[in-house]
Amino acid sequence: MAGDDAGKCLDGQTIPMGTENSENGPEARVIPPCCLKAMASAPELEAKCHMTVVSGWFSEPQSCSDGARKVLYYNNPMWPGEAHSLKVENILYKGKSEYQEILVFESSTYGKVLVLDGIVQLTEKDECAYQEMIAHLPLCSIPSPKTVLVVGGGDGGVLREISRHSSVEIIDICEIDKLVIDVSKKYFPDLYVGFEDPRVRLHVGDAAEFLRNAPEGMYDAIIVDSSDPVGPAQELVEKPFFETTARALRPGGVLCSMAESMWLHTHLIQDMLCICRETFKGSVHYAWASVPTYPSGVIGFLVCSTDGPPVDFLNPINPIEKLDGALKFKRELRFYNSEIHAAAFALPSFAKRELSALNDQ
Ligand code: SPD
């Protein structure tokens, strides 16, 4: 974690990493308390990284590598004590980039599946829920969005959804791993189609650096479609990144960031909310949607707006049903509509209790 305010909202433990296998020497990282137990739970297991397909079943791993720094965890610190499995019909692709391991397989019941570092990123059957929500929650909350940045999102699914908005003129995307884009082009044409929109400008590189160099106030909306914050995506949930994001948004601009599961990651969500309440002076809210193949079956979204024209996330000012051709652009919307948008902000009582102090009321 970097920056003066690092750790301000986190009550996790800073542990040294990279001491065994790192080529870059030891570094420190903060692991949320909910993850520490998992990491301590099976130190005797020698990690066999991503031996994830066993007897015809894929399971999210008991161990994983931190792509850039080659650190091995002896349990998956994001969801200790559980493993999610899909029956494999056929392995279509296995490869390794500079950043991560990439696996594509045909599953028995969810279509093709994209896996990065042993973790399911999307399946053909339920990708609609995540991509549609992370794109339309922010874009339907502001009038006539024109400039949008996607951080991550190399499969192209979020681009496909942004393309439905005819007001949008520029769609920048900054993805660090070119191989993810190439794999999507070959195996997930229904997602890669997002890259074929002429408004898309692809930047391959580090998003934090890209944002630091972006002109102040450049974007109406920034969408952070990352993998889980273990490995290359770790810095995307830290304060310096949120500060850079806020700077790159216009007054009253909006951020929507993947924000994990309220069943599994309350500490992480609290930390993100805390940082964003400090950083974004407009509204900050947590929303969620059902995605059966993500751990615990749900995924969350953190939406924030900068100081400026107020943004009412709960009552979208730019409803998708009123946008010319949006419902059927490229393909029909499968999950998102204005009722789902409003409902996504209703939290179960336990989450309301744990997050409400930090959420807008
Ligand atoms: N636990 C997995 C979360 C993955 C979020 N990113 C998905 C990328 C789809 N475009």
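**View 1. Gln131 and its neighbours meet the ligand.** A polar side-chain atom of Gln131 sits 3.1 Å from a nitrogen atom of the ligand. This is a predicted model, so please read every distance here as a computed value. Asp225 also brings a polar side-chain atom to a ligand nitrogen, at 2.7 Å. With Ser226 it is the backbone that takes part: one of its N or O atoms lies 2.8 Å from a nitrogen atom of the ligand. If you would like to show the whole surroundings of the ligand, the residues to display are Val120, Gln121, Tyr130, Gln131, Asp155, Asp225, Ser226, Asp228 and Tyr294.

**View 2. Seven strands form an open sheet.** Follow the strands across the sheet and you will read the order 13-12-11-14-15-17-16, with mixed pairing. Which strands stand at the edges? They are strand 13 (200–204) and strand 16 (284–290); each has a single partner strand, so one side of each is left without a neighbour in the sheet. On average, neighbouring strands of this sheet are turned by 15° against each other, direction ignored.

**View 3. Strand 11 runs parallel to strand 14, and helix 7 lies across both.** Residues 147–152 make up strand 11, which is joined by five bridges to strand 14, residues 219–225. To find your way along this pair, start from Leu149, whose bridge partner in strand 14 is Ile222. Helix 7 (residues 239–248) lies across strands 11 and 14, and also across strand 15 (249–258) and strand 17 (298–305). Relative to strand 15, helix 7 runs at about 140°.

**View 4. Helix 4 has a buried side and exposed lysines.** Within helix 4 (residues 178–187), the buried residues are Val180, Ile181, Val183, Ser184 and Tyr187. Why do they fall on the same side of helix 4? They cover an arc of only 165° around the axis, and that puts them there. As a handy reminder, an α-helix has 3.6 residues a turn, so residues three or four places apart point the same way. Turn to the other side of helix 4 and you meet Lys185 and Lys186, which are exposed. The cover over the buried residues includes strand 7 (85–96), strand 8 (101–107), strand 9 (112–116), strand 12 (170–175), helix 5 (189–192) and strand 13.

**View 5. Six strands build an antiparallel open sheet.** Here the order is 3-4-7-8-9-10. Strand 3 (53–54) and strand 10 (119–123) stand at the edges with a single partner strand each, so one side of each has no neighbour in the sheet. Strand 3 pairs with strand 4 (residues 57–59) over two bridges, in the antiparallel sense. A good spot to zoom in on is Val54, which has Trp57 as its bridge partner in strand 4.

**View 6. Ser144 and Glu260 have positive phi values.** Most residues other than glycine have a negative phi, which makes these two worth a look. Ser144 is not a glycine, yet its phi is positive, at about 45°. Look for Ser144 in the loop between helix 2 (127–139) and strand 11. Glu260, likewise not a glycine, has a positive phi of about 55°, and its place is in the loop between strand 15 and helix 8 (266–279). Are these residues buried or partly exposed? Ser144 counts as partly exposed at 36% relative accessibility, whereas Glu260 is buried, with a relative accessible area of 4%.

Note on methods: Residues numbered from 1 in each chain as written. Predicted model: local features only at pLDDT ≥ 70, side-chain atom pairs only at ≥ 80, totals over all residues. Heavy atoms only, no water. Pairing = 2+ DSSP bridges. Helix = DSSP H or I, 4+ residues; strand = E, 2+ residues; numbered from the N terminus. Axes fitted to C-alpha atoms, helices over the stretch in contact; angles between N-to-C directions. Contact = heavy atoms within 4.5 Å. Buried < 20%, exposed > 50% of the residue type's maximum accessible area, 1.4 Å probe, protein only. Arc of directions from axis to C-beta. Near = heavy atom within 4 Å. Polar contact = N/O pair within 3.5 Å; in protein donor to acceptor, adjacent residues only side chain to side chain.
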